[in-house]
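Thank you for making time for this one. I would like to walk through a single chain, going from the overall picture to a few elements in turn, so please have the sequence and the view open beside you.

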Amino acid sequence: MTVYERLETTYTGKELELCEKAYEFAKKAHEHQKRASGEDYFVHPCTVAGILLDLGLDAATVAAAFLHDVIEDTPVSEGDLKKEFGEEVLLLVQGVTKLEKIEFTSQEEEQAENFRKLFVAMAKDIRVIIIKLADRLHNMRSLNFLSVERQQRMARETLEIYAPLAGRLGISQIKCELEDLCLKYLEPDFYEYISTNVEERLKEGGGFVEQVIEDVNEMLTESHIKGEVFGRRKHLYSIYRKMKEKGKTLDQIYDLVAIRVIVGTVDECYEILGKIHNKWRPVPGRIKDYIATPKPNLYRSLHTTVVTNYGRVFEIQIRTYEMNHAAEYGIAAHWKYKENKKEVDDLDTRLSWIREVMEWQGGLKDSKEFLNSLKGDIYSSEVLVFTPNGDVISLPKDATPIDFAYAIHSAVGNKCVGAKVNGKIVPLNSTLSVGDVVEIITSQNSKGPSWDWLKIVKNPSARVKIRQFFKRVMKDENAKTGKSMLEEEAKHRGFSLGELLNEESFLFLSSKMSFNSQEEMFASVGYGAVGVNQVIVKLVDYYRKKQPRQEITKYYTVKPEKASSVKVKGMTGILVRFAGCCNPVPGDSIIGFISRGHGVTVHRSDCPNLKHAEDDRLIDVSWIDKVSNVYNAGIKVIGSAQAQILSEVAAAVAELKLEIVSTNGRTDNKTKQVIIDFHIRLNGKDELDRLINKLSQSPKITEVFRTAT
């Protein structure tokens, strides 16, 4: 049955009219467009709409699925969509449309900002993320037509964000398929090995599974319980993860198939669990009651692992039909059974998590910080603890009472002065265990959280709330600290902050970093939400563009203390400074630049800052034959392992009796190579040449060269 035919069996009246109109509109808009596979592009929105029909979504969502790419990929405008389909469908399409490209410093930053915007759209309407998940699922299904690099990039992004997000929203159908597809492209050999061998194992053990199903069906009949029993193979990624995390081979994993029992009521779930334990011996520690204490995504079921009389181990899951539907469809179940009061309550519970994320994301200026916090928050929580009133609180593994306090409310966390676990007072850095009853002791006289708590808490949202406290309560102090930090960095680069920061330059900076005022900028730097260099580099670049003929010495730190090692046109005693932009050392070819009111600044002859210098301000300088000063020089070292590079450089520097002044490293996102800049203290160019020559012989280092700064 085609997706168009399915519309007629799903909707009637105006809903059917809306979906059919969206189908025809999108078909015409995407006419003549092709996908990377060579098939008609319109196949993609149709498949996305089909996935949403499987999930039971409403007509507006399915209509938006047909139209979700027309704004970006066709001449259709937002105004056209609003006119034809109304505000609701337009807002859904806007939320799903690939986000407008803006200027980012890296692909990582762009991805982070896109996810931040996606969550803003989700908070307005949760259906946006459901369409996005369906869109990503079809793209993953057809990933084989893209380059290997794009396959792995998309698979990694899907595994880190989209799959766990589907799990957090309870849509296990999509989560499991996404994870298996990611494994296929990230670990193709492992995927092939598992998929092939699992199928063989299942064929060999098929008779055993059938026997277990028959035995459980007999139990249902004896108890006069109507239900279904069937075996379901665990998805490949869950098998792969168990092998990786527990260091097991495939032969050591016995629960490749879970027996699922579906009955009518909760009482029947517990009754059949008792009969199963009466027939087969349960494995200690493997009985999980997610009915009494649901998972954070509201998953409910009884899980038990049992052993037969001859040692065969297998897992059984017991749940009601309602629980099974919720486990498969998660938050999407709301639209299929929206007249059901419980589904409405479940929807509100799931949305509360998104609202909480939106609450704390407002306190993060840096989108990368938001993405890192989000990743930590959407992965499954592992510890269920209780309030004194019996309410269940879900926390990450190794969580502390501080995490618990902030999970209750920000105000409770900010006033926390102590904690009791199971009736006993414990340190705030104690690790909580499953089933602990936690009571937080608060005081109105508390001055708030400690900075040390940031090192203790495990929950990303708790960490954000602590930072928000310091940002809000200590705003004036943060502003003073931030201004001082910026002044210091400006001075280090040869400027004063007053030179760099004025009304015009701040408007430029604000357009890049969205500051509302200079005070907000100072506070953001002082609080740590924005790096000092992020601000100063932009201000310096703006200053240079506006005043390209300013004194060259404005652009770097100068060093007057070594003037005695250089003579100017054969004369000594003249005021001489060394340029920090190129760090000349004895043995370098050098030239002087006459700085008005500041004497002569010595540069390396090949310094790029002298390219546009006026000829009449250049003067010959030379090294004095014997010098006793020490100098700083920069080298850049490139390799594949940071620890090995650091070790190699440290050993070579020690052997040559030199000194490392500073290091600064990063990993190139494209090449994945480690790049580390070193500043070395030495006596002259010969020592620098020997160091570079020695490092270039190391097989662990692919490239080493001197830098200008």
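Let me begin with a term I will lean on throughout: a residue is called buried when its relative accessible area is under 20%. Please also keep in mind that what you see is a predicted model.

With that term in hand, we can go to helix α16, residues 321–329, which is mostly covered, with seven of its nine residues buried. Those buried residues are M323, N324, H325, A326, A327, E328 and Y329. Following α16 comes G330, which has a positive phi, near 55 degrees.

Stepping back to the chain as a whole, it holds 30 helices and 22 strands, and 49% of its 709 residues are buried. If we take the contacts with a separation of 6 or more, 66% of them are between residues 24 or more positions apart.

Since cysteines tend to come up at the bench, how many disulfides does a search of the whole structure find? The search finds zero. As for two individual cysteines, C19 counts as buried because its relative accessibility is 0%, and C46 counts as buried because its value is 13%, the cut-off being 20%.

Now to an open sheet of three strands, whose order is β10-β9-β11 and whose pairing is antiparallel. The edge positions belong to β10, residues 424–426, and β11, residues 438–442; each has a single partner strand, so one side of each is left without a neighbour in the sheet. From one strand to the next, the twist averages 35 degrees. Between β9, residues 416–421, and β11 there are five bridges in the antiparallel sense, and within that pairing C416 stands opposite T442 of β11. Helix α20, residues 401–408, packs on this sheet and touches β9, β10 and β11, with its direction making about 80 degrees with that of β11.

The last region I want to show is built around strand β19, in which nine of nine residues are buried. In a regular strand the side chains alternate between the two faces of the sheet. In β19, Y631, A633, I635, V637 and G639 point one way, while N632, G634, K636 and I638 point the other way, and all are buried. On the pairing side, β19 runs antiparallel to β21 and is joined to it by nine bridges, with K636 standing opposite D677 of β21. β19 also pairs with β22, again in the antiparallel sense, over six bridges, and there the partner of I638 is E703.

What, then, do the buried residues of helix α30 pack against? They pack against β19 (631–639), α29 (642–655), β21 (674–682) and β22 (701–707), which brings us back to the strands just described. The buried residues in α30 are E687, L688, L691, I692 and L695. These cover an arc of only 130 degrees around the axis, which means that they lie on the same side of α30. The length of this helix can be checked as well: at 1.5 Å a residue, the twelve residues of α30, 685–696, should span 16 Å, and the end C-alpha atoms are indeed 16 Å apart, which agrees.

That is where I will stop, and I am happy to go back to any of these elements on the screen.

Key
Residues are numbered from 1 along each chain as its sequence is written. This is a predicted model: local features need pLDDT of at least 70, side-chain atom pairs count only at pLDDT 80 or more; totals for chains, interfaces and linings use all residues. Side-chain values use heavy atoms; hydrogens and water are left out. Helices (H or I, at least four residues) and strands (E, at least two) are DSSP runs, numbered from the N terminus. The expected span of a helix is 1.5 Å times one less than its number of residues. Buried means under 20% relative accessible area, exposed over 50%, partly exposed in between (1.4 Å probe, protein chains only). The arc is that of the directions from the helix axis to the C-beta atoms. Contact means heavy atoms within 4.5 Å. Two strands pair if DSSP finds at least two bridges between them. Axes are lines fitted to C-alpha atoms, for helices over the stretch in contact, and angles run from 0 to 180 degrees between N-to-C directions. A disulfide is a pair of cysteine sulfur atoms within 2.5 Å.
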